[in-house]
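Open the model in your viewer and keep the sequence panel handy. We will go from stop to stop, selecting a few residues each time.

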Amino acid sequence: MQNFYRIVLVVLCSVSITMAQQIKTPSEFLGYELGTQFSRNHQVVDYFKHVASTMPNQVKLEQYGETYERRPLIHAYISSEENMKNLETIRENNLKNAGIMSGAPSNTDIVIVWLSYNVHGDEASSTEASMNTIYKLLTERQELLKNTVVIIDPCINPDGRDRYANWYNETKSTPFDIDPQSSEHSQPWPGGRANHYLFDLNRDWAWTSQKESIARIKVYNKWMPQIHVDFHEQGINSPYYFAPAAEPYHELITDWQRDFQFQIGRNHAKYFDPQGWLYFTRESFDLLYPSYGDTYPTYMGAIGMTYEQAGGGRGALGVKTSEGHVLTLKDRIAHHTTSGLSTVEISSKNASKLNEEFNKFFKNDGLKYKSYVMSGNPEKIDALKTLLDRHEIAYGYATSKKVTGHKYSTNANGSMNTTSNDLVVSTNQPKGKMIKALFEPNAKLSDSLTYDITAWSLPYAYGLETIASTSLVSSQSRLAPPPPVPPLSKTYGYVSDWNSLKDAKFLAMLLNKNIKVRFNHEPFSQNGNTFNRGSLIILQRDNTHIENFTIELSEIAVKNQQRLKEIQTGFSDKFPDMGSSSIRLINKTRIAMISGEGTSSLSYGATWHFFEQQLKYPVTSINSEDFGRVNLAEYDVLILPSGSYRSMLNDSGMSKLQDWMRSGGKVIAIDRALSTFAGKKGFGLKYNDNDDDNESNNLIPYADRQRESAKNMITGAIFKTNVDNTHPMAYGYSKDYFTLKLGGTSYSLLDRGSNVAHIGDDVMKVSGFAGINAQKGLKNSLVFGEERQGRGSIIYMVDNTLFRSFWENGKLFFVNAIFFANN
């Protein structure tokens, strides 16, 4: 009998080995040695299809989405044959263990490890390593799959990766040039880092502004892994970076999550040390900002980590480092493959413990705030609900009449009378810790030196009055649906409110349909209705060129769920009348935007995405190098995204721009673009001078200077500003606005212009880190302003309201600047 079992075992092993041997190595499949070329995305997809078709009992391939450029987004599930037969049961057990699905799990001994590659397209070694990793898992490390399900996403950002790979493959020398100054180590603008719309997808996990992120988050929440690794690259002269992460850690991160990062790091060192590979830990890459590929999973109960390999866009196939070592793509692939397999190994060894601690993470009794209650414009609440739905976070509607707690508008204790329209998001649900991370008034910082912004609180981002309550606020699950938008009858005209981005989208659609629209500079009243500044006014007499105008307008209103009030006369109960000079026609504005060298690709991309995917209004991109040849008379508005325009706007370029403005053109300058105009002849913009006596740096110890410099830094903090809401740029806003300030650059209030939003003598920071000297420098400083230039004007937007597309409450300022300012 013993001989029989031995024979069976030998046969089974032989079958397994035979199956594994049928898988081609990446090099065999691709037709070139891995690491000697950059593979295009379709080749990577084809390799994963090959692996899945060769070993269908252990690999399942799934397309979970598509990029803007129509490239497939895929991931592979890899495990033992037994686990693959029960894959859905494993998934459900995992969600039950977290309390997301009801019922008790039948098994918590299987750990889910998710490996994500190439979120930054030009950090391209990781996708190559993903092919090597799946091959080695199925051929050399089968034993790890007995109690693990490994999910591999070989390329989060195929559009950016192919932009880089295609450029490099057509640019490189043969043999490749290791001189870091050679052209193959210097990508042209905008580089391959970002996706189609030039968004950094590694900062988009929580905000899900991009279709790649939306698709990925849907699957992530379906699986909720215990381990998530985000594979990256950094500068060519850096050693490898792996866990544990640097401070600050968010206070939500558990002792176990901290401890296991150390266990993982030590396991990696076990493999790196014999090779003599250099690495570092606990530096640079912290765990605070919630929208990264390491922090988002961490706030969802996982051990979330970033691994950084030297190379990036400058690494190419090989490059000489500052120490004289030649770093090759083969080296980079080997390092990422080793850390990936080591991660699976240490996770497999600790599968039961990982599941046990995963279960504990979702106990939320210790959270200070039990409920966040939000009141405000229904359209802004709807926008927030869309985000919550993507993350499968539950919410309800207030049934209490009054709530007390921390009041966001005053940054102090307060109360709020509620209605049934007010949104309640409570932390007594499995994702309570993620709710705290996204909604908390002010994230606690254990260290002021951070890798990213330190404030993002959603109530400020969406412009909603909020109470954070230490008590659980009662709520009901849903409201009765609003009545349908009624069809319009033919009458003198129609009026729409102007409060949100939804209203702006409605205006854009009307203008695209050649419907003429007016807006009011002064409030007016008719039939008991008062219409505030900026209301959209659509008159029959303006639109006689459109056949069946009322029917077409009604269809647009229904499609946009836009409720219009009908007016029967041009004679208002309260001035102005419809023929008043304070009621202006909104022209079908012709908009241009600068792209190319000098422009921040991220700022340009966010603006481009805003026009095409949100506002849905045409914009023409003009390359900065072509500015001298462009006929500006073809445009009404020119947008300068954040960037440096000194080359484009040299003496002749600036003269051309000023002549165009004086003849009626409007410039919108954003963030760093303002430096082009500060202190220049013909412009009233000046840097703010709040020179308090700062201590000399001469006597500060060298080791302390970086930390001392933090006194002058603002790392993404939220400040309360004063708003002149009688100015067209501020229509739809109250007299207060909370701005996200990304840095400490400060400009004085305009002497000859309109200070639309500003910070006064009393600087009120409500969230995030801002050094003491930086805060002093913000006294009496400009946030948004307009300065006339002849018949035209220049709009100064010190703070970028389109930054990463998540600061929803600021977007209407940008739209107002386009259509209302100087009109």
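Which strands does helix α16 lie across? Select residues 501-512 to find out: this is a predicted model, and in it α16 lies across β20 (493-496), β21, β24 (536-539) and β26. Its direction is at about 30° to that of β24.

**The sheet under α16**

Now show the strands themselves. They belong to an open sheet of 5 strands, in the order β25-β20-β24-β21-β26, and the pairing is antiparallel. At the edges you will find β25 (565-567) and β26 (583-586), each of which pairs on one side only. Look along the sheet and follow the twist, which averages 35° from one strand to the next.

Zoom in on β21, residues 517-520, beside β26: 4 bridges join these two antiparallel strands. To see one such pair, select R518 and its bridge partner in β26, L585.

**Along helix α9**

Next, select residues 255-275. This is α9, a helix of 21 residues that reaches 31 Å from its first C-alpha to its last, close to the 30 Å expected at 1.5 Å a residue. Where does α9 bend? Center on A269, where the bend is about 30°.

Color the helix by accessibility and the buried residues stand out: W256, Q257, F260, Q261, I264, G265, N267, H268, A269 and F272. Residues three or four places apart in an α-helix point the same way, because there are 3.6 residues a turn. Just after α9 comes G276, with a positive phi near 75°.

Stay in α9 for Q261. Is Q261 buried or exposed? Its relative accessibility is 2%, so Q261 counts as buried. Beyond its neighbours within four places in sequence, Q261 is in contact with A243, P244, A245, Y249, L287, I303, G304 and M305.

**Two cis peptide bonds**

Two of those contacts, A243 and P244, lead to the next stop. The peptide bond from A243 to P244 is cis, with omega near 10°. P244 sits in the loop between β6 (240-241) and β7 (246-249). Move on to the bond from E247 to P248, which is also cis, with omega near 5°; P248 is in strand β7.

**A strand covered on both faces**

Select residues 637-640, strand β29. Which residues are buried on each side of β29? On one side they are V637 and I639, and on the other L638 and L640; both faces are covered. In a regular strand the side chains alternate between the two faces of the sheet.

Add the partners of β29. Strand β27 (residues 591-595) runs parallel to β29, with 3 bridges joining them, and strand β30 (residues 666-670) pairs with β29 in the parallel sense over 4 bridges. V637 is a handy residue to center on: I591 stands opposite V637, and K666 is the bridge partner of V637 in β30.

**Two asparagines with positive phi**

Now compare N118 and N527. N118 has a positive phi of about 60° although it is not a glycine, and N527 has one of about 50°. N118 is in the loop between β3 (111-117) and α6 (125-139), while N527 is in the loop between β22 (524-526) and β23 (529-531). Their surroundings are easy to tell apart on a surface view: N118 is buried, with a relative accessible area of 0%, whereas N527 is exposed, at 51%.

**V766 and L742**

Go to V766 in strand β34, residues 765-767. With a relative accessible area of 2%, V766 is buried. Leaving aside neighbours within four places in sequence, its contacts are N411, P441, N442, Y460, I718 and F738.

Then pick L742, in the loop between β32 (736-741) and β33 (754-759). L742 counts as partly exposed because its relative accessibility is 28%. Outside its neighbours within four places, L742 is in contact with I453, I714, G716 and F803.

**Last stop: confidence**

Finally, color by pLDDT. The chain averages 94, and 95% of the residues score at least 70. Where does pLDDT stay under 50? Select residues 7-17, for which the model has 1 contact beyond four places in sequence.

How values were computed
Residues are numbered from 1 along each chain as its sequence is written. This is a predicted model: local features need pLDDT of at least 70, side-chain atom pairs count only at pLDDT 80 or more; totals for chains, interfaces and linings use all residues. Side-chain values use heavy atoms; hydrogens and water are left out. Two strands pair if DSSP finds at least two bridges between them. Axes are lines fitted to C-alpha atoms, for helices over the stretch in contact, and angles run from 0 to 180 degrees between N-to-C directions. Contact means heavy atoms within 4.5 Å. The expected span of a helix is 1.5 Å times one less than its number of residues. The bend at a residue is the angle between axes fitted to the seven residues ending there and the seven starting there. Buried means under 20% relative accessible area, exposed over 50%, partly exposed in between (1.4 Å probe, protein chains only). pLDDT is the predictor's confidence in each residue, from 0 to 100.
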